[in-house]
Structure formats: C-alpha cells, structure tokens
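Hi,

Here's the structure I promised to pass on. Have a look at it first, and then read my notes below.

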Amino acid sequence: MTTLLVKGGKVIGPSGAVDADVLVDGERIVSLTVPGAITTADKIVDATGKYVIPGGVDAHTHMELPFGGTFASDTFETGTRAAAWGGTTTIIDFAVQRTGERVQDGLAAWHAKAAGNCHVDYAFHQIIGGVDDDSLKAMDALVAEEGISSFKLFMAYPGVFYSDDGQILRAMQKARENGAMIMMHAENGIAIDVLVAQALARGETDPIHHGITRPAALEAEATSRAIYLAEVARDTPLYIVHLSASGALARVAEARDAGRNVFAETCPQYLYLTLEDQLGAPGFEGAKWVCSTPLRSKHESHGRDLWRGLRTNDLSVVSTDHCPFCFKDQKELGVGDFSKIPNGIGGVEHRVDLLYQGVVDGQLSLERWVETIATTPARMFGLYPRKGVIAPGSDADIVVYDPNGRTRISVETHHMNMDHSAFEGYEIAGKVDTVISRGSVLLADGVYGGRKGHGQYLRRGLSQYLA
Ligand code: DUC
Ligand code: ZN
Ligand code: ZN
C-alpha cells in the first residue's frame, strides 16, 4: 500500500495542539509520531507552520433538494467537489420522503443521485414527510439495515413536509425504541403561514418580509414544544437544526442544563449575516439570503449569543444547511412574492474557513473550531472514530490549514454551482492548504486532483454523543 507522511505540522485534537507527524498507510492513519521520527514515505506533505486537522464533517446539506418548484442547484458531484475545496471530507445529506411517498423509495432515489458521483464520503439522514404506520416501520429498517440513524421532522412548511404534534410524538416514541436521533426544523409553520398571508395582503412582497413573517418567537416556541414532546417520549435524543435565535438557544440551554439529550447546531449564515444587511438589501437582491430559519436582526442579541453558545456547547455543531439556488431563474421565482422564493443558502465550501475566522476573532479556541466542524458532528451522528479525529485507525481524512494564508470568498472563485455567493467579498485570515480523503490527496498547491466516484457511502451507527 502507499504510505503518506504529513510532517512538521501542529495536530489539533480534542485535548489540544501537539507537534506531530502523521503517517498514513493506504486509506487509514497508522500513527502519530514525534516530529522527524519517520523520514521516508511514498509521499510527503510538508505541513511546517500549519495546522493539521481532521477533514470537516458537514452534517447538514441538501444536494439536488426539490424545493419551491425547483431543485437545489448543486448536484452530489458539484457539491461534494466544492466541499473538498473547502476542507470538508464528509457530508451528511438528507434523503427525502415526501408526503404520500414510501420512505424506502425516497431513500432509493437519494442513493441513485449520489452513487458514483461524490468526491468525498457521504451519509444520509432521512426526512420523514409523512408520519404513519408505514414510515414508522421504515424507521426501524433504516436504523437496522441502512446505516441511517437520524430522522428529520418539520414543524414548518404545512402541506409540504409538516408533521403535527401527534405525528412528531409518534416518531419520537419510535426513535426512543430504536435508538435514533430526531432532528427538528423548529418553527411554528401554522402561525408563520398566517403572518405570510397577512403580509402579502398588505402588499409587503419584498424578500425582507420572509424574515419578518418568521419571527424569532416562533422559533423559540417550536423549539420549546419539541423539547417537551421529546421529554414526553422518555427523553428521545433531539437535535435542533439551523438554530438561529437567542430565544431558541435559551430553551436548548435550559434542557441541557437539566441533563437532557437535547442538542443543536447553528450555521455560518446566522453567525455573520443579518436580516437588515443581507435580507433587507435593496430591491430583490435580498432573495439571495432567503433561508429558513431566517437571518435575524442585528439590533438583537442573536449573533453574539450564538458565538457564546458555541463556546459553552449549548450549540454543539456547525453545519451549513447547504441548499443553493441560483439568483437567475430560481430565486427569481419569487419576484413580487417573497413566499415563492426557494429557501436556501449555499455554503458547503466555506464552513471550515468561516469558523476559523472565529478563532482569529477570539470567539473560539483552535480545539473548539475542530470540535464543532469535525469531531462532534462525527460523534453526534455515529461516524466516530472513523471520521472527525486524527488518530491511529481513523480514515486518513486530513486537512492542512495555513494560518498565514488568506481566503477571499467570491462567486468568481468558488466551486459551488451558484451564480452568486452569500458571503461575497468576505476575507478570512487563513486558508485550506491541502485536503486528503481516505489517503488520497484531493487538493495540494492550489491544484485539484479529486474525482467523482472517490466518495463512498457511509453506514452510520447510533449517536455517540448521548448523556
Ligand atoms: N431551510 C432552507 O433554508 N432550505 C431547505 C429546507 C429548510 O429547512
Ligand atoms: Zn430545515
Ligand atoms: Zn436543511
């Protein structure tokens, strides 16, 4: 087998930073040694002056998601290639069961989209769009046979993905039996639809009204309800996706303080972007930032509280909710009616960099950066220690990160299949230098050497993060 040595770098792990060389044999890491102990290998990557971190694990992406009359614009091929460019070597995408469809058929459709097309390894969560006897039975089969141990339910989007409280409770009870994690889109969609209809009747059609009609209180209310329902289902593990607001965070923190198996992720857009500055951009421009949960007001405490939540582990994971739509022809479906703008922001390429900027800004330690972008998502969703850590026996998914490099985010240079960037012009004081996936060098010296079909489907176990 081919050996590869990553030498001279500072390896960042859960217990801190150590100067170590990393030896890879084939697809696996075989050892960490004192610097200079091994001098020969088939290939040598010089990481002197750089950080050596586990490949990023993005636990929330939507390649090719059908939504709002169109499809998310990244395929598994383009989206996983962009992920690789940005230092993410594992994605967990959401297979979709739409109301009226069999869960197994939705899953098979997702395998067909992804198989043979991915540049990095991939796994699936399953969206349950119709909780009934059949889909509940399917949940057992997916956990036992398919390596899918997490199920997303929606308290929003009535008529599309929405589950009512009784359906949610039934799915939670099922998860309590089979050990799965329930992932929740926590917004009160019934109340939101009333606010949307009232806004449109008043002629309020611009993109900013997407945010105004999805107030933070309705995220906090749904988060609280989900936490109570999970308690009734005998403390089913619950993971709140794309948490964006202080009130919802406070509900999660309370539950965690009480020792509950309640977790949450946030996304870079909620840490950096706001209702006023992006969603409120002049004319129809704000459509680029229409996503749900929405961007929040800069005049409230959300951004500051989310960074704090990442430090205190009330927020355990940073994912992207990567769901790109082009401005032309896709976002434009909502000209004159914000409710018809497809919901989603693309960012799978930028999460590792944007969170490193949090280290530079003093918001996160180096260890916490690695935990939130790689180690904890791997543990949360049953991929550890194969993924998320630099350790003997783990997959050789390694990123060399250059703290002296610079990254400028732009549609001109990104690799996602989008005609704009949600983070246009952002400058990061760091740079993804080298990306290795299962021992194969995908990116080095600015040259991409990955290929579609390299990425393999990962069967996941149960969460390894439970109290
Ligand atoms: N939110 C989005 O912004 N896009 C897709 C689905 C979702 O919940
Ligand atoms: Zn969602
Ligand atoms: Zn999502």
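To start with a small puzzle: does H60 count as buried or exposed? H60 counts as buried, because its relative accessibility is 0%. Bear in mind as you read on that this is a predicted model.

**The zinc site**

H60 is a good place to begin, as it's one of the protein donors of the zinc ion (ligand 3). The other donors from the protein are H62 and D321. Both histidines use their NE2 atoms and D321 uses OD, with distances to the zinc of 2.0 to 2.2 Å. Along the chain, the donors follow the spacing H-x1-H-x258-D. That spacing brings distant parts of the chain together: H60 sits in strand β8 (residues 56-61), while D321 is in the loop between β17 (317-318) and α12 (351-360), 261 residues away. D321 has a relative accessibility of 9%, so it counts as buried too, the cut-off being under 20%. If you're looking for a neighbour, the zinc ion (ligand 2) is 3.8 Å from the zinc ion (ligand 3).

**Salt bridges**

The structure holds 32 salt bridges, and I've picked out a few for you.

One of them joins the side chains of R28 and D395, at 3.0 Å from N to O. This is another link between distant parts of the chain: R28 belongs to strand β5 (residues 28-33), and D395 to the loop between α13 (366-380) and β18 (398-402), with the two positions 367 residues apart. R28 is partly exposed, at 41% relative accessible area, whereas D395 is buried, at 1%.

Then there's R251 with E254, where the side chains meet at 2.9 Å, N to O. Both residues are in helix α8 (residues 246-257), and they are about one helical turn apart because three residues separate them in it. R251 is partly exposed at 26%, and E254 is partly exposed at 47%. Elsewhere, salt bridges with shared partners tie E27, R28, D121, R386, K387, D395, D397 and R438 into one network, so you'll meet R28 and D395 again there.

Last on my list is D105 with R102, whose closest N and O atoms are 3.1 Å apart. D105 is partly exposed, with 41% relative accessibility, and R102 is partly exposed as well, with 48%.

If you only have a minute, I'd go to H60 and D321 at the zinc ion (ligand 3), and then to the bridge between R28 and D395.

Cheers

Key:
Residues are numbered from 1 along each chain as its sequence is written. Chains are lettered from A and ligands numbered from 1 in the order in which they are written. This is a predicted model: local features need pLDDT of at least 70, side-chain atom pairs count only at pLDDT 80 or more; totals for chains, interfaces and linings use all residues. Side-chain values use heavy atoms; hydrogens and water are left out. Donors are N, O and S atoms within 2.8 Å of the metal (3.2 Å for Na, K and Ca); water is not among the atoms, so sites may look incomplete. Helices (H or I, at least four residues) and strands (E, at least two) are DSSP runs, numbered from the N terminus. Buried means under 20% relative accessible area, exposed over 50%, partly exposed in between (1.4 Å probe, protein chains only). A salt bridge is a side-chain nitrogen of Lys or Arg within 4 Å of a carboxyl oxygen of Asp or Glu.
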